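Welcome to this short note. Please take a look at the structure below, and then we can go through a few points together.

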Amino acid sequence: MDFFGNLAMGLDVALSAQNIFYCFLGALLGTLVGVIPGVGVLTAISMLFPLTFTLGPTTALIMLGGIWYGTTYGGSTASILLNIPGTPANAVTCLDGYPMAQQGRGGIALFMTTVASFFGASVGVILLMFFTPIIASYALNFGSAEYFALMLMGLVAASTISEGSAIKGLAMVALGICFGLVGMDTQSATGRFTFGSLGLLDGVSLIALAMGIFGVAEVIMSVRRIDRSAIDPETVKLKAIKPTRDDVRRSWFPLIRGASMGSFFGTLPGTGPSIAAFLSYAVEKRIAKEPERFGKGAIEGIMAPEAANNAADQTAFIPTLSLGVPGSATMALMLGALMIHGIAPGPTLISSQPQLFWGLIMSFWVGNVILLILNIPLIGIWVRMLMIPYHILFPSVLLFICIGAYSTTFNALTVWQVFFFGAVGYGMRIFGFPGAPMLLGFVLGPLMEEHFRRAMVLSRGSFTTFIERPVSGTIMAITLAILIWGVWTTIKQNKRRARMAREA
Amino acid sequence: MKTLKGMLAGAAMALGLAGGALAQGQDYPNGTVTLVVPYSPSGNTDIFGRHLATALQERWGQPVVVENKPGGGSMVGTAYVSQQAPDAQTILLTTSAYATAPAVYKDLPFDPATDLKPIGIVGYTAYILVVNADTGITTMEQFIEKAKGSDMFAATAGLGTTTHFGMEKFLSDAGLDLEVVHYKGGGDAMVSILSKEADIYDTSVATAGDQIKAGKLNALAVMDDRRVTALPDVPTTAEVGLPDVQVRQWIGMFVPKDTPDELVEWLNSEVNEVVTSENFAKIVEPIDINIETSSIPEVKERLAREMEKWVRLAEERGISQPQ
């Protein structure tokens, strides 16, 4: 069947009354789940999973998909307005989004992130439409050595995420890596730092760490700010959310860069929206002409990560549908929904189930358009949320964080972890240590180790495997270049500052 | 509708008969029954558990709910059930990880051989050995020939998983000295075979089926005592000279050790009847689970054999680390 014939068929499927309803439902639920910090997409999809038994496979996937990409639309809301990330992938949006809200530009930030999310998602869907088989096969070129090289590049590139003292940032990355060590070793059956607890054998929970360091710590910090006059409701009336020309001009390239990075990381199983968002923020900060603006309300700092995480969301379907390989726990749930109906994802899916595949893709368009239209008027509602008195709002946030954390493992230990990291995060705030690098170290550290050790097993102990293999070698070369460039710019900056100090 | 009525009639009859067995004053189930699945939602075991819960709920007239308690390779949920009251209101629904994980996880807060009693084994998934089709290897003979003395790699879905132990048994029996590489989960392991990073992997028909159909993978043998209907041309391991290499990912149910034996026997017959009903087999077919029934002594003996086999294998191949 020719390409446009496929699109037409897909549109037909996506626009059926039942599918539009479930798409809308999924998108709405997803946004809601994203806005509420702590309750994550995995929880929402797990809870609604039994519903898919009764729906047909296409409809089930449309709904689950809507929830999946809807969460990253909503996740930026809490990040911007409350400085508490809605999902771990939105943690970087806090860094520039919240300062924007404090400057009275919260409405603009919310509007622009919705646009960024739509842009990123569109790029992702276009890739899905045209390039699924090609991308699926190139993704197979990425073995353990390549993944390690990628993670290393990410760590080097993102070492500038924090502002302020570089030493503090690096210390936090190291601490994050240490927290990532907890759990059972993948290559030998040794438990590390588990203190005899079975529950810790699977490691520290990402939700617990992210919500603790960012969310609970923020709640504790804001005790001092009971009188929340930080956000003026006037700033979020519909006319006030129109961005300035400057904002729009600055946003184009970050959007494109973010969407590209996001699409790339989404297609690799095992990496996902969080890594994509972090790295695109880091890249933007690196190549900005005025990096000092970041952390103080730079629009690039929210456009790039939001485009990245939505693009990653969409392209995550590529390995899932075409290889049958889920890139993350949530994608595994999607696969489960397919398998219940006896559909095995794999290379033959596109040809044997064209209605499912194309219907799903077209529903992504429909869903993203719905979300775009839905989110703009909702901005006003979310800001009303801020008018809720502190003593009701923040305890509710805490409650949701605990519920969300508990629902990932149904184990009280996870909730204790939230409180532990909340205390750690509070301490970090008091002493001026940045939280984003810790999250980065925690996510990338274990991945790096796993891939490094496996690459070494596969190369039988030869370190040169990382340079010998073409893709890995290229990535290492880029990493070296980034490292050298970083050192050079720092030296240049220090010289400039020294000169300015002398002239002053 | 006919089968539903038939099922209900059968259930009513069974209940009537079973009522006799319970006449000694046990009133079970007494309230909500919890089926603990020690895995995250949406895995095959979880889906099976949910279908079973629905069927049991219909049969018993009491709510039967599934609770997920993932972690520690299923050991967290298992430990949880071992500490519950011995009234069978909490039942563990787990996989063959019950037998393999203890060989790897040494510091368990319970003893899998004695702290839980089996109700029965109700289903299994057959595993097959697959290689990348590009290698041109289509039979086990060819593979063993090429693999002897080579530096090929064998992939597993993780330390202590059924795929791991299956692979070790295969390598040991076939006299191959391949390096075993662990991945994090079946998805990653599949990618490794597709990308030719590793050379052989053992997995379920459901996971590999589509790739085999598309000609990307070749199945060399079924690690079971009978062929699978989905792949009728693939020989069993016995047919290629490796009769002991049989690994089934089975699904079994357990209760805490002090649960009264009569109750456990009754549960065994109840569950056996439910899973052998025509409707049920049809429901679980898409998730690649074959139904089986068992008696309690059978299961106890089989469990003991398996656990001993895996512990021995773990020690021989140096899988478990000294703690």
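1. A definition first, as it helps with what follows: a nonpolar core is a set of buried Ala, Val, Leu, Ile, Met, Phe, Trp, Tyr and Cys residues joined through C-beta atoms within 7 Å. Please also keep in mind that this is a predicted model.

2. The largest nonpolar core holds 258 residues, and those touching the most other members are A:Leu439, B:Leu35, B:Ile91, B:Ile128 and B:Val130. Helix 5 of chain A (residues 91–139) gives the most to this core, 23 residues. Domain 1 (2–124 + 249–317) and domain 2 (125–222) of chain B both contribute residues, so the core lies between them.

3. For a closer look, try B:Ile91. Leaving out residues up to four places away in sequence, B:Ile91 touches B:Val33, B:Leu35, B:Val36, B:Ile119, B:Met253 and B:Val255.

4. Now to the two domains of chain B. Their C-alpha centres are 30 Å apart, and 17 residues of domain 1 are in contact with 13 residues of domain 2. On the domain 1 side, helix 4 (97–104) and helix 11 (296–317) of chain B are the elements giving two or more residues. Helix 4 of chain B has the largest share, with four residues. By class, this side of domain 1 has nine nonpolar, six polar and two charged residues.

5. Finally, the two chains: 44 residues from chain B and 43 residues from chain A take part in the contact. Elements of chain B that each supply at least two residues include helix 2 (44–60), strand 2 (64–68) and helix 8 (205–213). The chain B side has 19 nonpolar, 14 polar and eleven charged residues.

Key. Residues are numbered from 1 along each chain as its sequence is written. Chains are lettered from A and ligands numbered from 1 in the order in which they are written. This is a predicted model: local features need pLDDT of at least 70, side-chain atom pairs count only at pLDDT 80 or more; totals for chains, interfaces and linings use all residues. Domain bounds come from an automatic or database domain assignment. Two residues are in contact if their C-beta atoms, placed from the backbone, lie within 7 Å. Ala, Val, Leu, Ile, Met, Phe, Trp, Tyr, Cys and Pro count as nonpolar, Asp, Glu, Lys and Arg as charged, and the others, Gly among them, as polar. A residue is buried if 20 or more other C-beta atoms lie within 10 Å of its own, exposed if 12 or fewer, and partly exposed in between; C-beta atoms are placed from the backbone.
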